[in-house]
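Let's look for empty space hidden inside a protein, and then see what surrounds it. Have the structure open beside you as you read.

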Amino acid sequence: MSPKRPDKGTRVDLSGEAIHWDLGESLSYGQYLQLEKVLAAQQPLSTEHDEMLFIIVHQASELWMRLMLHELSDVLECVRRDDLGPSFKRLQRISRVQAQLLSSWEVLSTLTPAEYSAFRNALGRSSGFQSYQYRLLEFTLGNKNAEMIKVHRRDRAVYARLERALGAPSLYDEALRLLSRRGYGIPERYLNRDFREPYRPSKQVTGAWLGVYHNAEQDWDLYQFAERLIDLDYQFQLWRFHHLKTVERIIGYKSGTGGTGGVSYLAKALELKFFPELWQVRTSM
């Protein structure tokens with residue numbers, strides 16, 4: 001009778017692995033990621049079990065938004081120097097990040113109305129409406145609204161950062177400047193305007209983008225860039241819709257903790273488009 005072979009499923013065979021059991025002076029994984037700080041940032045204000053879920057979902061979302069802002073800053077530089085190639089990788093990564101943000105609502109939707117109500121009062125007036133990173137994303141992409149920064153007045157550094165983003169050309173503004181440099185007819189009033197003001201769609205701008213689509217072979221990079229902007233906008237619209245439905249599922253039509261109407265406020269943003277003429281081109285072609 002042959003000897004019984006050891007059960008390989010009970011443990012991983014580490015023989016032959018040159019594992020650094022002694023790290024010496026090297027940084028550890030936890031030190032590199034500063035996990036002590038990150039994992040100490042979850043501080044529930046109630047004794048309710050489900051508050052931890054609520055905190056982690058929102059903190060993770062803020063980290064993903066930070067990465068989006070990091071990538072968008074590089075996309076802006078690519079557009080300014082008319083070198084769109086590297087921006088495609090950045091925008092692809094942003095699309096993957098948006099998928100993570102979208103899936104976060106699936107996790108949060110496991111919270112029942114009773115579970116959320118058990119700790120909701122502990123939130124006070126804090127609300128996702130006050131996410132300055134989300135507001136930076138909207139300003140960077142082109143949704144300018146000066147009123148939105150009022151809620152950040154008590155944090156001078158954040159307020160100043162939002163002020164700068166409000167007054168700076170958005171990604172879409174820079175895209176129109178690039179179109180102009182490439183010879184597409186963008187009205188002067190769109191190239192040098194008060195960037196604090198909301199963007200107003202233009203038939204001339206639609207015509208310029210239509211020209212890009214008709215000249216796709218000649219201006220392939222502009223055409224590809226336009227399609228990636230559409231994808232970015234589309235993913236944002238999906239995110240807003242899932243946000244609305246998750247809020248409706250958990251609190252119904254109650255007002256939000258930040259003072260908005262909750263679902264009724266979120267519904268107003270569903271038709272928002274960062275790049276309106278790129279959507280209009282679909283009808284015009």
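In this predicted model, there is one cavity of 30 Å³ or more. Rolling a probe the size of a water molecule over the atoms is how such empty space is revealed. The largest cavity has a volume of about 70 Å³.

Which residues line the largest cavity? They are M65, M68, Q98, L101, Y134, L137, Q235, F236 and W239. Try finding each of them in the structure. Sorted by class, seven of the lining residues are nonpolar and two are polar, while none is charged.

The table shows the elements that give two or more residues to this lining.

| Element | Residues spanned |
|---|---|
| helix 3 | 51-80 |
| helix 4 | 85-108 |
| helix 6 | 132-141 |
| helix 11 | 220-251 |

Which helix gives the largest share of the lining? It is helix 11, with three residues.

Helix 11 is worth a second look. Its 32 residues should span 46 Å at 1.5 Å a residue, and because its end C-alpha atoms are 47 Å apart, the expected and modelled values agree. Just after helix 11 comes G252, which has a positive phi, near 65°.

Helix 11 also meets another part of the chain. Helix 13 covers residues 276-284, and its buried residues are P276, E277, L278 and V281. What do these buried residues pack against? Their partners are helix 8 (171-181), helix 10 (203-214) and helix 11 (220-251). Helix 11 therefore appears twice in this tour: it helps line the largest cavity, and the buried residues of helix 13 pack against it.

Terms used
Residues numbered from 1 in each chain as written. Predicted model: local features only at pLDDT ≥ 70, side-chain atom pairs only at ≥ 80, totals over all residues. Heavy atoms only, no water. Buried < 20%, exposed > 50% of the residue type's maximum accessible area, 1.4 Å probe, protein only. Helix = DSSP H or I, 4+ residues; strand = E, 2+ residues; numbered from the N terminus. Contact = heavy atoms within 4.5 Å. 1 Å grid on protein atoms, 1.4 Å probe; cavity = no way out; pocket = protein on both sides within 12 Å on 5 of 7 lines; lining within 4 Å. Points joined across faces, edges and corners; volume = space filled by probe spheres on them. Nonpolar A, V, L, I, M, F, W, Y, C, P; charged D, E, K, R; others polar. Expected span 1.5 Å × (residues − 1).
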